[in-house]
Amino acid sequence: MSTEIEALGIDAGSTTTKMVGVTSSGRLAWHHLEPTDPQIEEQLRRFLEISRKEAGPAALPLVGTGYGRNLVQPADRRVTEITCHARGVFQEMGHGGTLIDIGGQDTKVILIDNRGSIVNFVMNDKCAAGTGRFLEVVANRLRIPLQGMGDVALSSREEESISSTCTVFAESEIVSLIARGHSTEHIVRGLHRSLVRRISALAKTAGLIPPVMLSGGVAQNAAVRDILSEELGQKVLLPRYPQLVGAYGAALIALGLPKTPQAEQRL
Ligand code: ADP
């Protein structure tokens with residue numbers, strides 16, 4: 001049991017639910033992550049029981065965020081994902097910039113100034129093609145484990161051009177390319193290019209402030225990181241736990257820690 005946990009944050013996302021516990025200095029001391037259950041209220045109750053085993057029985061300050069935040073009944077506050085992601089990344093990285101969060105069913109671009117305030121944001125939540133869902137669907141179609149997709153893309157320098165701008169049509173395009181004998185590696189690299197181009201176009205509409213930072217589950221895909229850096233013509237920085245940034249920000253808000261950049265106090 002970790003008695004040093006002083007506050008909790010829950011990010012109930014459309015694809016995964018994350019819970020983070022922080023110490024009084026804002027250090028990420030504990031986390032728990034599960035795929036989001038359709039019975040989300042029951043799942044959130046279970047998360048709280050797990051956190052009590054870890055942090056002790058006393059009620060700790062709790063902030064809920066994410067798509068299901070209104071279902072986090074015991075939360076003291078519910079705060080948008082945009083605010084929580086900006087808070088979490090500013091605390092860890094110690095500077096502003098452009099945060100691109102690529103989640104399971106939406107992608108957000110958040111511009112953060114050097115005091116940690118949000119100056120602009122744009123979001124794609126209408127179409128799977130610019131989100132993690134796109135890679136999930138094509139990984140499934142190609143029978144490649146999702147975690148291995150990035151390595152397959154990076155194993156090839158050549159790429160197939162994917163013209164479909166919709167996940168469903170991209171799936172049939174893949175089937176037809178394979179039937180015509182095209183290499184899986186080239187197709188997978190082309191699919192990453194297609195996803196990243198959509199995301200970089202979204203980021204450019206927000207107006208990029210360097211440096212670019214990446215969060216969300218898809219940030220764990222090395223090919224997405226490399227191709228994004230190529231498309232934007234700049235380095236892409238990664239927090240230590242990209243998928244936990246929103247829940248971490250929620251826990252920091254619950255803790256009430258002043259917003260000061262503390263790059264030296266990494267997660
Ligand atoms: P949300 O907050 O919207 O629920 P997450 O930020 O948790 O979403 O990201 C979920 C997405 O991350 C999934 O669509 C999945 O495709 C992707 N993902 C998760 N783990 C990995 C991994 N190891 N490699 C590549 N993609 C991953």
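How many aromatic pairs does a search of the whole structure find? The search finds zero such pairs, where rings of Phe, Tyr and Trp (its six-membered ring) would pair if their centres lay within 6.5 Å. This is a predicted model, in which local features need pLDDT of at least 70 and side-chain atom pairs count only at pLDDT 80 or more, while totals for chains, interfaces and linings use all residues. Residues are numbered from 1 along each chain as its sequence is written, and side-chain values use heavy atoms, with hydrogens and water left out.

**Sheets**

- One open sheet has five strands in the order β3-β2-β1-β4-β5, with mixed pairing; strands are DSSP E runs of at least two residues, helices are H or I runs of at least four, and both are numbered from the N terminus.
- Because β3 (28–35) and β5 (77–78) each have a single partner strand, these edge strands are left with one side lacking a neighbour in the sheet.
- Strands β4 (residues 62–65) and β5 run parallel and are joined by two bridges, and two strands pair if DSSP finds at least two bridges between them.
- Gly 64 has Arg 78 in β5 as its bridge partner.
- Another open sheet of five strands follows the order β8-β7-β6-β9-β10, again with mixed pairing.
- At its edges stand β8 (118–124) and β10, each with a single partner strand, so one side of each has no neighbour in the sheet.
- Six bridges connect β6 and β7, which run antiparallel; the partner of Ile 102 in β7 is Thr 107.

**Nonpolar cores**

- The largest nonpolar core holds 37 residues, and Ile 100, Val 109, Leu 135, Leu 191 and Leu 228 have the most contacts inside it.
- Elements giving two or more residues to this core include β6 (97–102), β7 (107–112) and α6 (184–206); the largest share, nine residues, comes from α6.
- A core is a set of buried Ala, Val, Leu, Ile, Met, Phe, Trp, Tyr and Cys residues joined through side-chain atoms within 4.5 Å, and buried means under 20% relative accessible area (1.4 Å probe, protein chains only).
- Beyond its neighbours within four places in sequence, Ile 100 is in contact (heavy atoms within 4.5 Å) with residues including Val 109, Ile 199, Leu 214 and Leu 228.

**Individual side chains**

- Gln 243 lies in the loop between β10 (236–237) and α8 (245–255).
- The side chains of Gln 243 and Gln 220 are joined by a polar contact of 3.1 Å, a term for a pair of N or O atoms within 3.5 Å, one able to donate a hydrogen and the other to accept it within protein, with residues adjacent in sequence counting only if both atoms are side-chain atoms.

Note on methods:
Buried < 20%, exposed > 50% of the residue type's maximum accessible area, 1.4 Å probe, protein only. Phe/Tyr/Trp six-rings, centres within 6.5 Å; stacked < 30°, edge-to-face > 60°.
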